[in-house]
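Please open the structure in your viewer and keep the selection tool at hand. The stops below say what to pick next and what can be found there.

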Amino acid sequence: MVAGGVCALNIVPEETWLNHQQRLALLCLSMTIQCSISIPIATFLHGGRAAPSLPPAASPQLSRGNPGTSRDAPAPICRYWKSGHCSRKPCRFLHGDPAAPAARKKRNNTWVNTSSQIPSPSPTTTNAAVPSVPPPPTTNRHAEQGRQVPPPPKRHAEQEEQAPPPPKRGCRAQEQEEEPGGGGGAWCAGEGIRGVARLEGHAKAITGVAVPEGSGTLFSGSLDGTVRAWDCGTGKCVHVAPAHEDEVGRLIAMGPWVLVGVRGAVKALHTGSGKELQLRLPAGVQITTLLAEDDERLFAGAEDGAIYIWRLDREHQRFDEVAALTGHEGHAVASLAQGKGALYSGSADGGIKVWDLETRRCILSFAGHVSRITALLCWDRFLLSSSDDGTVKVWRSKPDHGDDDLELEVHYTHKEEGQRVVSMDGTHDANKKPVLLVARGDGVVRVYDLPSFKRRGQIRCDGEVTAMSLRTPGMVFTGNESGEIRVAKWAPAGGAAAEAQA
C-alpha cells in the first residue's frame, strides 16, 4: 500500500502472477498512481478477471436523475488512458477528447389534433456521444527518412466537390426531384398521388369542375362563358354549351344536378332526365361561390354580400327558394362551408360569419384574416380558413364558452411563405388518411397530411389555380387561369409510380 509518500507494492502469492510481461506492465502502472489512491494488485490478476470500475476524477459530477443535469455535458475523460496505462475493456470513461454537443433541434410548430388517434411526439433524452478509441498511429517511412511527404491523391468525391456545378435544369424537373415520394410525372409528384390527364379547350380561367353522381362525364365552367363536357374515359371534349352571354361565375355538382352560377341566376341541369331549371336572383347579381354539401340545400354567395338558399325537392325535381341571408355589408361572399347545423361564410374583407341554419340568424362574426377569405373547410371539430394573406388558420371553440355563447380561437396557423393562398380543400387519400390541398398564387397546389401539416407532394399548374374539386372519390381536379384542367388520382401508398406526363 501507499504510505508516507512512498509507493509500495502488496506482496501476493507467486502463483497469481501470469507472465513476465504482465509483471513489467503492473510495475509501470503502480509507479504512476497518485499517492492518495490504493490499488491492490490482486484485483487485476486474481483469477484472470477484468478490473473493476475506477472512480472518476475528483471534480463532482451530477447524477443522471438530477434535474440540474445537463444533457449536453460531456462524460469525464479517463486519466489512466491519458497517461497510457488504462487496461479496462470496456472503460466507462472517455478515451479521447469529448465530442462537441450536438445542436438541439428546434421544436416544430406542428398542429396535433387532440381528438385524433395520432399520438403527439414526446421529447427523448439524448446522451452525449462517446467517441471510439483512436487507432495507433501508423508509421510513415517518408517522415522517418526526413523527406517531404507528398500529399495523397484526391479522391473522386473530392474532385467532384471542387468541380463547377452542372447547369440547372428546368423548373419542372427540379420540382420533380425536390418532392417526397416518387410518382406522378413532372407536374404531379408526391406520396400516393399521380397525374392522369391534362384537358385543354377553354379560352379563359376555369371557374368550376365537377362530376355529377352516376355520370361518366366531367363538366367544367369558364370565364369564356361556356360549359364543356368531357368524357371521363377518353378525356375528350364531347360537348360545348354557351352558358351565358357574359361568363360562368361558378360550377358545382349536387347529386345528378350540374349547377352553374351566372349573372342574375343559377342554372340547373339534371344529367339523368335532361331537365333544365333557372333559379332567379336579383337583376345584375353575380354569383361568386356555390355550396351543396348535404345534397339537400343549395347555397349561393353573391358579390353584393348576400347568401341565397334553396331546398331541393327530389320528388318534383325542383328547387324551392328558402331565404336570403344578409350581413356582410356589401363585401362579396368569397367562400362558404357547412358544419353541423351551421353555415360559415367568408368575405372579401377577411371577415367570417357563422349562421344558425334553423333560425337563419348570424350567431358569430369576427375578423378571421387581414385580407380576402379564399376558402373555408369544416374538419372534425375544427374550422379551417385560408386567405390571400398567405395563411391557413385552424379555429376551435374556446373551452370555457357556454352552450349559448359561441366563440372561436386560433388553434394553429400554417404559413405559405411568400405566396398567397388562393384556394384550399380537404379529402381522404387512397389509404383513408385525411389530407389538405393548398393552392398557392404561383400555380402550385401543395398536399399536406392532417393534422400534422407534413408536406407529402404537389401538383404544378400552368398559372394560378382558379377552381379545385375533390368531391369525386379518389380524384383531384384543378383548373387554372389559362383555361387548362389537370386531373390527378390517389394511389395506395407503395404503389407503382405513374408515367411522366407531358
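Begin by selecting Glu-484 together with the residues around it: leaving aside residues up to four places away in sequence, Glu-484 touches Arg-198, Leu-199, Glu-200, Ile-206, Asp-462, Thr-478 and Gly-479. The model on your screen is a predicted one, and that should be kept in mind at each stop. Glu-484 sits in the loop that runs between strand S28 (475-480) and strand S29 (485-490). Is Glu-484 buried or exposed? With a relative accessible area of 4%, Glu-484 is buried, because residues under 20% are counted that way. If you now show side chains, you can find a polar contact of 2.7 Å between the side chains of Glu-484 and Arg-486.

**The whole protein**

Before the next stop, zoom out to the full protein, which has 502 residues, 39% of them buried. Its secondary structure comes to 6 helices and 29 strands. Of the contacts with a separation of 6 or more, 44% are between residues 24 or more positions apart. If you switch on a surface display, the accessible surface comes to about 28,700 Å², and 51% of that area belongs to carbon and sulfur atoms.

**Strand S26 and its partners**

Next, select strand S26, residues 455-460, which is mostly covered, since 5 of its 6 residues are buried. Two pairings of this strand can be followed from here. Strand S1 (residues 188-190) pairs with S26 in the antiparallel sense over 3 bridges, and within that pairing Gly-190 has Gly-457 as its bridge partner. Strand S25 (residues 444-449) also pairs with S26 in the antiparallel sense, over 5 bridges, with Tyr-448 standing opposite Arg-455.

Now trace the chain from S25 into S26, where the two strands form a hairpin with 5 residues between them, and pause at Phe-453 in the turn, which has a positive phi of about 60°. In the loop between S25 and S26 you will also find Pro-451, and the peptide bond that joins Leu-450 to Pro-451 is cis, with omega at about 5°.

**An open sheet of four strands**

For the next view, select strands S11, S12, S13 and S14, which form an open sheet of 4 strands in the order S11-S12-S13-S14 with antiparallel pairing. Strand S11 (287-291) and strand S14 (318-325) stand at the edges and have a single partner strand each, so one side of each is left without a neighbour in the sheet. On average, neighbouring strands of this sheet are turned by 25° against each other, direction ignored. To look at one pairing in detail, keep S11 and strand S12 (residues 297-302) selected: they pair in the antiparallel sense over 4 bridges, and Leu-290 has Ala-300 in S12 as its bridge partner.

**Gln-338 and its surroundings**

From there, move on to Gln-338, which belongs to strand S15 (residues 333-339). Which residues does Gln-338 touch, not counting residues up to four places away in sequence? They are Leu-291, Glu-293, Asp-294, Arg-297, Phe-299, Leu-357 and Cys-378. With one of these residues, Asp-294, the side chain of Gln-338 makes a polar contact at 3.2 Å, side chain to side chain. Gln-338 counts as buried because its relative accessibility is 16%, and the cut-off for buried is under 20%. If you measure from C-alpha to C-alpha, Gln-338 and Val-354 are 9.6 Å apart in space, while 16 residues separate them in sequence.

**Two loop residues with positive phi**

Select Glu-329 next, in the loop between S14 and S15, where phi is near 55°, a positive value in a residue other than glycine. Glu-329 is exposed, with a relative accessible area of 73%. Then go to Lys-432, in the loop between strand S23 (421-428) and strand S24 (434-440). Lys-432 is likewise a residue other than glycine with a positive phi, here near 65°, and at 66% relative accessibility Lys-432 counts as exposed.

**Cysteines**

To finish, select the cysteines and ask how many disulfides there are. The count comes to 0. Cys-91 is in no disulfide, and the nearest cysteine sulfur, which is that of Cys-78, lies 4.0 Å away. At Cys-232, the last selection of the tour, the relative accessible area is 45%, so this residue is partly exposed.

Conventions: Residues numbered from 1 in each chain as written. Predicted model: local features only at pLDDT ≥ 70, side-chain atom pairs only at ≥ 80, totals over all residues. Heavy atoms only, no water. Pairing = 2+ DSSP bridges. Axes fitted to C-alpha atoms, helices over the stretch in contact; angles between N-to-C directions. Buried < 20%, exposed > 50% of the residue type's maximum accessible area, 1.4 Å probe, protein only. Contact = heavy atoms within 4.5 Å. Polar contact = N/O pair within 3.5 Å; in protein donor to acceptor, adjacent residues only side chain to side chain. Areas by Shrake-Rupley, 256 points an atom, 1.4 Å probe, with all protein chains shown as cover. Disulfide = S-S within 2.5 Å.
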